[in-house]
Amino acid sequence: MATVTMKDKTKYRNIMTGDIYTLSKDYNSRWFLSLRNERGLTKTLSYSKIEMENILREHYEKAK
């Protein structure tokens, strides 16, 4: 199982689209991913740490 770094501002690449997202922690200590591009800002829903770890393992890889 892949190691997931749960640190604010860590970059992850979506394995299907190749887009680079930034992992962030909100004011409720929940985690979300955001993407800023020419279309504006895109944010995922906020998830608990365990839920976000599972999402990252399944759909993302750490950006280099």
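User: Which residue in strand 5 is the bridge partner of Arg-13?

Analyst: Glu-61 is the bridge partner of Arg-13 in strand 5. The model is predicted. Strands 1 and 5 run antiparallel, with three bridges joining them.

User: What makes strand 1 and strand 5 count as paired?

Analyst: The cut-off is at least two bridges. These strands have three, so they pair.

User: Why is the contact between the side chains of Glu-61 and Arg-13 called a salt bridge?

Analyst: An Arg nitrogen must lie within 4 Å of a Glu carboxyl oxygen. Here the N to O distance is 2.3 Å, so the pair qualifies. Glu-61 sits in strand 5 (residues 60-62) and Arg-13 in strand 1 (residues 11-14), 48 residues apart.

User: Are Glu-61 and Arg-13 buried or exposed?

Analyst: Neither label fits. Buried needs under 20%, exposed over 50%. Glu-61 has 34% relative accessibility, so it is partly exposed. Arg-13 has 27%, so it is partly exposed.

User: How do you know that Glu-51 and Arg-30 form a salt bridge?

Analyst: Their closest N and O atoms are 3.8 Å apart. The limit is 4 Å, so the pair counts. Glu-51 lies in helix 1 (residues 49-59), and Arg-30 in the loop between strand 2 (20-25) and strand 3 (31-37), so the pair ties together parts 21 residues apart in sequence. Glu-51 is partly exposed at 37%. Arg-30 is partly exposed at 32%.

User: How many salt bridges does the rule give?

Analyst: The count is two.

User: What makes strand 1 and strand 2 a pair?

Analyst: Three bridges join them, and they run antiparallel. At least two are needed, so they pair. Tyr-12 stands opposite Tyr-21 in strand 2. The two strands form a hairpin with five residues between them. In that turn, Gly-18 has a positive phi of about 80°.

User: Which residues form the covered face of strand 1?

Analyst: Tyr-12 and Asn-14 form the covered face. Lys-11 and Arg-13 form the uncovered one.

User: Why is Tyr-12 called a member of the largest nonpolar core?

Analyst: Core members must be buried and joined through side-chain atoms within 4.5 Å. Tyr-12 is listed in that core, so it meets both conditions. The core has 11 residues in all, including Tyr-21, Leu-33 and Tyr-60. Strand 2, strand 3 and helix 1 each give two or more. Strand 3 has the largest share, three residues.

User: Which residues does Tyr-60 contact, leaving aside neighbours within four places in sequence?

Analyst: Tyr-60 is in contact with Tyr-12, Arg-13, Asn-14, Ile-15, Tyr-21, Leu-33 and Ile-55.

Conventions: Residues numbered from 1 in each chain as written. Predicted model: local features only at pLDDT ≥ 70, side-chain atom pairs only at ≥ 80, totals over all residues. Heavy atoms only, no water. Helix = DSSP H or I, 4+ residues; strand = E, 2+ residues; numbered from the N terminus. Buried < 20%, exposed > 50% of the residue type's maximum accessible area, 1.4 Å probe, protein only. Contact = heavy atoms within 4.5 Å.
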